[in-house]
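Thanks for passing this one along. Here are some notes on the pockets, a run of strands and one helix, in case they help before you set anything up.

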Amino acid sequence: MPTSWEKNMFPRDFAWGAGTAAYQIEGGWQADGKGPSIWDTFCLEKGRVFGEQNGDEACNSYELWEKDLECIQQLGLTHYRLSFSWARLLPDGTTRHVNQKGVQYYNKVIDDLLACDVSPMVTLYHFDLPQALQDQGGWKSAGTATLFNDYAKFCFQTFGDRVKLWITVNEPYVCAKLGHEDGLHAPGIKEPGVAAYLVGHNMLRAHAMAWHSYNSFYRTKQKGAVSLAINSDWLEASVAGSAEDVAATERQLAFTLGWFAWPVFVTGDYPKIMRSAIDAQSEKFGRSGGSRLPSFSKDEPAVLGTADFFALNYYTSRKVEAGGGCGEVLSMKSDRDARDVLDPSWPICGVSWLAVVPHGLRKLLKYIKDTFNNPAVYITENGFSQVGQLQIEDVQRSEFYKDTILEVAKAIQEDGVNVRGYFAWSLLDNFEWGDGFSVRFGLFHVDFADARRGRTIYRSGREYAKIISKFQCGQSK
């Protein structure tokens, strides 16, 4: 069992990366013809974001891209995950009007990365739907999936000669639940027990359409790979010997990881225990008119098999116990009838939800191998937050990265998981959605009080660079 760094712990072509997202770092919210996104709109509403903050300027990466590139080079990354702003490229969300300034910006980013021997991984959708499409129903509208496919084809055509790793949709679970069940993310909709399932369904339809478009028209020439990024905690029964807790854990996994992974990797449909739980609750509440969980149409591109690798965003773990689903209204909470609990032995980093459980990642990777037919896996997000007083010498986060990457090595060496890469979240301190700038995940600190937005490497960034250097020494990227 590896307990310290050893040679050959990672494959020679292992991807060492860090990630960002357009709205969180770019700024330039209305520069050079960019259209508004739902997060531009959401941040204008009082009380939505910590301190009434917004991403109007953020890290100003739209103007300071070269500074970001210096950070990437300082770390020695082999890969960099970024997202395109749909509204920067297509201001009204459609290909009727292409913003050439946006095209030029992303062309420069991609070309600069490749010139530095860094491979881009591009996310097409990271929470920031063009407001023009939200005005037409957003992800609740079936037509948005078709418009996303048009956008994806435009990106494949324009950038796919150089981009070989694509993510269609980032964390559809978060978009669906936080944006349409809880109202905590843009577009701020609260329609419990109904809208999230519809949104998740349309995002899966959009992903499947885009994958099939790539497969049919671009794969042969461009030779890239396409997936969607699925977020999941590791979940285990609160009481291992409790049949109720074990069943609740299975339901919770079905409603989170399984919701999006099962259709893509296993059956082409949602987990049976997910649908049966939803339908049972509908019957209990006297709701008629068909299942709240939509069904996939045989007349549309099949969702099964539409991932060339498994893209996993992992942050934390939970114990699960039965119950918590009682209530007088339909909701996702009542549907799943399971409650997450924290193990008191797990330390908390920064935000209250983020318990530090590196071994949970190894367990989740093994579960993915066993459940989803041993796919190639990229860990597309994983990180440790800091709040309160700034600590450039972030010893705890440095240790977190060491511990976590060691668990990834164990998953590869001992469990036989086909892990192809690891992307730290995030390259930079940035706009962390509802938390604004109060939560810092960066390997580099960004001084948001300074118009120059200076970047300063954290100790964790230096330590991550050392890890990368150790395994890249003497290897070609």
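The points below take the pockets before the strands and the helix.

1. A caveat to start with: this is a predicted model. Every volume, burial call and pairing in these notes is computed from that model.

2. The pocket you will probably ask about is the largest one, with a volume of about 1,300 Å³. Its lining runs to 42 residues. If you want a handle on its middle, Y173, V174, L178, N231 and W353 are the lining residues that lie nearest the centre.

3. Which elements each supply at least two residues of that lining? They are α8 (172–180), α14 (332–336) and β9 (338–341). Of the contributors, α8 gives the most, with four residues. Y173, V174 and L178, listed among those nearest the centre of the largest pocket, fall inside the 172–180 range of α8.

4. As for chemistry, the lining of the largest pocket is a mix: 16 residues count as nonpolar, 13 as polar and 13 as charged.

5. The second largest pocket has a volume of about 300 Å³ and is lined by 20 residues. Nearest its centre you will find C349, F384, S385, Q396 and R397. Helix α16 (residues 395–413) gives the most to this lining, with six residues; Q396 and R397, from the group nearest the centre, sit within the 395–413 stretch of that helix. By class, the lining splits into nine nonpolar, six polar and five charged residues.

6. On to the strands. Why is β3 (residues 119–125) described as largely enclosed by the rest of the structure? Because six of its seven residues are buried, that is, under 20% relative accessible area.

7. β3 has partners in β2 and β4. Strand β2 (residues 79–83) runs parallel to β3, and five bridges join the two; S83 stands opposite T123 of β3. Strand β4 (residues 165–170) also runs parallel to β3, joined to it by four bridges, with V169 of β4 as the bridge partner of Y125.

8. Last, helix α11 (residues 243–255). How far does it reach from its first C-alpha to its last? The span is 18 Å over 13 residues, close to the 18 Å expected at 1.5 Å a residue. The buried residues in α11 are D245, A248, T249, R251, Q252, L253, A254 and F255. Note that the list includes D245 and R251, which are buried along with A248 and L253.

Definitions and conventions. Residues are numbered from 1 along each chain as its sequence is written. This is a predicted model: local features need pLDDT of at least 70, side-chain atom pairs count only at pLDDT 80 or more; totals for chains, interfaces and linings use all residues. Side-chain values use heavy atoms; hydrogens and water are left out. On a 1 Å grid over the protein atoms alone, a cavity is a set of points where a 1.4 Å probe fits but cannot get out, and a pocket is an open set with protein on both sides within 12 Å along at least five of seven lines; lining residues have an atom within 4 Å of a point. Grid points are joined across faces, edges and corners, and a volume is the space filled by probe spheres set on the points. Ala, Val, Leu, Ile, Met, Phe, Trp, Tyr, Cys and Pro count as nonpolar, Asp, Glu, Lys and Arg as charged, and the others, Gly among them, as polar. Buried means under 20% relative accessible area, exposed over 50%, partly exposed in between (1.4 Å probe, protein chains only). Two strands pair if DSSP finds at least two bridges between them. The expected span of a helix is 1.5 Å times one less than its number of residues.
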